[in-house]
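Colleague: Got a minute to walk me through this one? I'd like to start with the open spaces, then go wherever the questions lead.

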Amino acid sequence: GTLYGLPAVPARELTDIFYAQEVQAPFVLDTSFLCVGHVDEFFTFVPDPSSEKGFKLVYSDVDLGYEFIESLDPAIPLQRYDYVHGLGSVGEIANDTGLRAYNEEIQQYYLDPNLDILIAELGLEEEDIILFPALFEPPPGCGDYAAALIPCTANLQLYSFPDGRTVLLPPDPFLRPEGTITALDPFILEFESLLPDTLEYVWIDDFYSYHYGLGEVHCGTNVTRTPSVDWWTEARHLITD
């Protein structure tokens, strides 16, 4: 991975702890294309009770990002993108050939290979994966390293309540004219349509606070969780020795 362009590798003490758990050996993903270099910048997991595995991998896809952008009216003004990214409309994003080539390389050399690693290491099938629209850019101060152009909805926070409800807190993409209500944002409608219908959403405005600073909701929040009762018994089948 990288940290603002500098090589970064997992600390030996940390990987030793992971190996000692015996449940699953750690594996490394290539985050060298990212300015900050965190895996939550391009994927996450969400619960799905209807799935055999009980979850879905939600994974960034640049091709879907451009397919989505091209489905919108190119004249839609994007005030926040103009201020933060220098792209003042949907059409300016879609027609930036340099940006498109940059994203196509990210898809080919990083997103696709990392997805292959996740599939192999976690034993995933096609039905376990949800691809969602995403676009990246090389922000100022990062050289050619990438950060999210559209606020990275994978970089969300997840809350599970005792009554079984699961609420996701993703960053608001603001792919709509100023003054348009959140629920009518076309990206929000697309994202929610792709995910399991058991999930609820609270969209968080982090555009100028975290997104502008190369982060998203998950970068600035955390939750405390209660382990399931007797988890060490229920998970014993995961330990091979």
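**Pockets, a cavity and a buried arginine**

Modeller: Sure. The second largest pocket has a volume of about 200 Å³. Keep in mind that this is a predicted model.

Colleague: Which residues are closest to the centre of that pocket?

Modeller: P139, A147, H211, Y212 and L214. They belong to a lining of 15 residues.

Colleague: Which elements give two or more residues to the lining?

Modeller: Helix α3 (79-85) and strand β7 (147-148).

Colleague: And how does the lining of the second largest pocket split by class?

Modeller: There are 8 nonpolar, 4 polar and 3 charged residues.

Colleague: Now closed spaces. How many cavities of 30 Å³ or more does a search of the whole structure find?

Modeller: The search finds 1. The largest cavity has a volume of about 40 Å³.

Colleague: What lines the largest cavity?

Modeller: It has 13 lining residues. A134, L135, I150, P151 and C152 are the closest to the centre.

Colleague: And the classes in that lining?

Modeller: The count is 10 nonpolar, 2 polar and 1 charged.

Colleague: Changing topic. Where is R176 found?

Modeller: In the loop between β9 and α6, with α6 covering 186-194.

Colleague: Is R176 buried or exposed?

Modeller: Buried. Its relative accessibility is 5%, and the cut-off for buried is under 20%, so R176 counts as buried.

Colleague: What does the side chain of R176 reach at 3.0 Å?

Modeller: The backbone oxygen of T180. The R176 side chain also makes a polar contact with the side chain of T182, at 3.4 Å.

Colleague: Which residues is R176 in contact with, leaving aside neighbours within four places in sequence?

Modeller: I76, P77 and L78 are among them. The list continues with I181, T182, D185, P186 and I188.

Colleague: Back to β9. How many bridges join β8 to β9?

Modeller: There are 4 bridges. Strand β8 spans residues 157-160, strand β9 spans residues 166-169, and they run antiparallel.

Colleague: Which residue in β9 stands opposite Y159?

Modeller: V167.

Colleague: What about the turn? How many residues sit between the strands in that hairpin?

Modeller: The hairpin of β8 and β9 has 5 residues between the strands. In this hairpin, G164 takes a positive phi near 95°.

Colleague: Good, that covers my list.

Note on methods: Residues are numbered from 1 along each chain as its sequence is written. This is a predicted model: local features need pLDDT of at least 70, side-chain atom pairs count only at pLDDT 80 or more; totals for chains, interfaces and linings use all residues. Side-chain values use heavy atoms; hydrogens and water are left out. Two strands pair if DSSP finds at least two bridges between them. On a 1 Å grid over the protein atoms alone, a cavity is a set of points where a 1.4 Å probe fits but cannot get out, and a pocket is an open set with protein on both sides within 12 Å along at least five of seven lines; lining residues have an atom within 4 Å of a point. Grid points are joined across faces, edges and corners, and a volume is the space filled by probe spheres set on the points. Ala, Val, Leu, Ile, Met, Phe, Trp, Tyr, Cys and Pro count as nonpolar, Asp, Glu, Lys and Arg as charged, and the others, Gly among them, as polar. Buried means under 20% relative accessible area, exposed over 50%, partly exposed in between (1.4 Å probe, protein chains only). A polar contact is a pair of N or O atoms within 3.5 Å; within protein, one must be able to donate a hydrogen and the other to accept it, and residues adjacent in sequence count only if both atoms are side-chain atoms. Contact means heavy atoms within 4.5 Å.
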